[in-house]
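Please open the structure in your viewer and switch to a cartoon view. We will go from strand to strand together, one selection at a time.

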Amino acid sequence: MTYETILYSVSDGVATITLNRPAKLNAFDDQMIAETTDVFKSAGRDGAVRCIVLTGAGRGFSSGQDLGAFQERGENISIGEHLRHGYHRLIRQMVTLEKPIIGAINGIAAGAGCGVALAADIRIASDNASFMLAFSRIGLIPDSGTNWFLPRLIGYARAFEMAVTADRVPAAQALEWGLVNRVVPAAQLPEITAAWARRLADGPTLAFVLTKRAMNRGWDMDLSEALEYEAYLQEVAGRSADNREGIAAFLEKRDARFTGA
Ligand code: LHQ
């Protein structure tokens, strides 16, 4: 698939996806939803990719659904079907993807754009980024997974406040609330994200993926189920070359060379 609404590159184990409709703050039209879903799928299948960075071109990360494009589709369009066939596939693709995803949040993440940002495993925000559940401004409820992610990340009261006020939550507040992992000066976002991506791509990526599975599935389990699932996944990690290499490196007092196998 050739892409027109996103940029994609792979370098030294790190794939970078850039949402690229800057004139609309990277609002999602149907094509961008489809292309972003497709590129995550192919990055997931590409053995040369060990970590994925998702960011936006220009001054926004994503302003969510392209409202003009949506309105052009007429009055009888089903929003439920639009979500099921579009954003739900994208969000599920990201959460089940067997590679760590870093969201480099370079500007505002609003509406469905906020949902996509929350589906990343780690968020590094520039100091001029913000998060906004824009939905209630247009008489909608939060969607694209935001009702699921946000209360878990920042608690019900803050999530509900974001939903009903639709106020922007600036990066510093997002950090205080646990919505992002780091806030960095805007000019340093690419460099600091690259260092994080390098660290993850050089790490025991099989163990990272199994951790992603354990934590995501763990939300919906009781403690006994979660313990059992951990034991199952640890059995897999314990049979990996990375586990053998990690132990050998420790005993030989050298840096480990992980391969993700
Ligand atoms: C946009 C957009 C945009 C089109 C900025 N669309 N052009 C799912 C299913 C079905 C239906 C509905 O929705 C959903 C999920 C959702 O995502 S609902 C939420 C949709 N998003 C919004 O409601 C946010 C709309 N945008 C805004 O409120 C502002 O643009 C924000 C607060 C994001 C940024 O404000 P500013 O920094 O002041 O920028 P701006 O408003 O001047 O935007 C820059 C340009 O981008 C502007 O175009 P122009 O031609 O005037 O320069 C905007 O019209 C355009 N733009 N967001 N979502």
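The tour below visits a few strands of this predicted model.

**Stop 1: a covered strand.** Begin by selecting residues 122-126, which make up strand 7. Is this strand mostly covered or left open? It is mostly covered, with 5 of its 5 residues buried. Now show the side chains. In a regular strand the side chains alternate between the two faces of the sheet. Here I122, I124 and S126 point one way, while R123 and A125 point the other way. Residues on both sides of strand 7 are buried, R123 and S126 among them.

**Stop 2: the partners of strand 7.** Add residues 101-105 to your selection: this is strand 5, which pairs with strand 7 in the parallel sense over 4 bridges. To find a point of contact, look for A104, which stands opposite I124. Next, add residues 182-184, or strand 10, which pairs with strand 7 over 3 bridges, again in the parallel sense. Which residue of strand 10 is the bridge partner of S126? That is V184.

**Stop 3: an open sheet.** Clear the selection and move on to another group, where 4 strands form an open sheet with mixed pairing, in the order 4-6-8-9. Strand 4 (60-62) and strand 9 (169-170) are at the edges and have a single partner strand each, so one side of each lacks a neighbour in the sheet.

**Stop 4: one edge up close.** Finish by selecting strand 8, residues 130-132, together with strand 9; the two run antiparallel and are joined by 2 bridges. Zoom in on S130, whose bridge partner in strand 9 is P170.

Conventions:
Residues are numbered from 1 along each chain as its sequence is written. This is a predicted model: local features need pLDDT of at least 70, side-chain atom pairs count only at pLDDT 80 or more; totals for chains, interfaces and linings use all residues. Side-chain values use heavy atoms; hydrogens and water are left out. Buried means under 20% relative accessible area, exposed over 50%, partly exposed in between (1.4 Å probe, protein chains only). Two strands pair if DSSP finds at least two bridges between them.
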